[in-house]
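Student: I am new to this structure and should be grateful for a close look at a single part of it. Would you please begin with one hairpin and work outwards from there?

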Amino acid sequence: MGLFNSISSIFRGRDAPTDRTSGSAYSFFMGGSTSGKRVNERTAMQMTAVYSCVRILSEAVAGLPLQFYRYTADGGKEKAVDHTLYFLLHDEPNPEMTSFVFRETLMTHLLLWGNAYSQIIRNARGEIIALYPLMPDRMTVNRDENDQLYYEYYMNTDDAHTMKGTTVRLQPHDVLHIPGLGFDGLVGYSPIAMAKNAIGMAIACEEYGAKFFANGAAPSGVLEHPGTIKDPSRVRESWQSTFGGSANANKVAVLEEGMKYTPISISPNEA
């Protein structure tokens, strides 16, 4: 009995679900990446590779046939087209979305934040009449004093809702939660957070390449003059306006009074 009580007490006193990588409210994102670029779900979507992967996977899952079945008396199954959930899952989860858009949205949330949430709306008889996606970065999962899970959703001040700026507590039976890969089986880890250094390096490389071409596809350098220039800022601005930018690439520079241009950085190809 002592061993049984010890084992049961372990499951009664489980810790609250924790996810140090999901959403902007967690410390995992606060320090940015090693490249110096701040990486989150929205900045990562500006990378063509991330955007393409998310779009292809989301559209592929949303395009799969989604049916609703019931078991028959002989052990087989048949389409339950007369069931209320059939229409919600197959056609229209809510008046604002088709089934394709709904599943595409949830898959996008799952790929970026590692969790997908939907609020379950019921009528007075307890029947499910609608499913609405919820933003994962505004959702937290916790346990109450009785070790029961609950969800807290922050209503943004920009929301068109009478309860904006407040936190709403939802019970597990009111939330459809699809967790991604995680350590506790309850809350998924953000794939973007786990790969933030690689994504940050890609963002830094893309930004460097864009600025390189904005500089006329030439490395930065120093204009040397044998004498003393009275207004160096005017000379620098004149050089930049004449030879800076991709539109001015391959222009022939004419240097006067013994002035010389010396590059001080390597080209991307050499890097």
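Tutor: Let us begin at a turn: in the hairpin formed by β3 and β4, five residues lie between the strands, and G126 adopts a positive phi near 85°. The model is a predicted one, in which local features need pLDDT of at least 70 and side-chain atom pairs count only at pLDDT 80 or more, while totals for chains, interfaces and linings use all residues. Residues are numbered from 1 along each chain as its sequence is written, and side-chain values use heavy atoms, with hydrogens and water left out. Strands (E, at least two residues) and helices (H or I, at least four) are DSSP runs numbered from the N terminus.

The pairing of β3 with β4 is antiparallel and extends over six bridges; strands count as paired if DSSP finds at least two bridges between them. Two positions show how the strands are matched: I120 faces L131 of β4, and R122 stands opposite I128 of β4. These strands belong to an open sheet of three, ordered β4-β3-β8, with antiparallel pairing. At its edges are β4 (128–134) and β8 (175–179), each of which pairs on one side only. From one strand to the next, the twist averages 25°, where axes are lines fitted to C-alpha atoms (for helices, over the stretch in contact) and angles run from 0 to 180 degrees between N-to-C directions.

A helix covers this sheet: α5 lies across β3, β4 and β8 and runs at about 140° to β3. The same helix, α5 (residues 99–113), also packs with α3 (residues 48–62] at an angle of about 140°, the axes being 8 Å apart. The two helices, α3 and α5, are therefore oblique to each other; angles under 35 degrees count as roughly parallel, over 145 as roughly antiparallel, 65 to 115 as roughly perpendicular and the rest as oblique. Their crossing is right-handed, a term used when the near helix is turned clockwise from the far one by less than a right angle, anticlockwise being left-handed. On the α3 side the contact (heavy atoms within 4.5 Å) is made by V54, L57, S58, E59, V61 and A62, and on the α5 side by F100, R103, E104, M107, T108, L111 and L112. Eight of the residues in this contact are nonpolar, two are polar and three are charged. Here Ala, Val, Leu, Ile, Met, Phe, Trp, Tyr, Cys and Pro count as nonpolar, Asp, Glu, Lys and Arg as charged, and the others, Gly among them, as polar.

An aromatic pair leads from β3 to another strand. Y117 in strand β3 (residues 115–122) and Y151 in strand β6 are 34 residues apart, so far as the chain is concerned distant parts. Their rings are edge-to-face, at 6.1 Å centre to centre and 75° between the planes; rings of Phe, Tyr and Trp (its six-membered ring) pair if their centres lie within 6.5 Å, with planes under 30 degrees apart counted as stacked, over 60 as edge-to-face and the rest as tilted. The whole structure holds two aromatic pairs.

Strand β6 lies in another open sheet of three strands, ordered β5-β6-β7 and paired in the antiparallel sense. Because β5 and β7 stand at the edges with a single partner strand each, one side of each has no neighbour in the sheet. Here the twist averages 25° from one strand to the next. Five bridges join β5 (residues 139–143) to β6 (residues 149–154), with T140 opposite E152 and N142 partnered by Y150. These two strands, β5 and β6, form a hairpin with five residues between them, and D147 in the turn has a positive phi of about 65°. On to the next strand, β6 and β7 (residues 167–170) are joined by four bridges and run antiparallel, with Y154 opposite T167.
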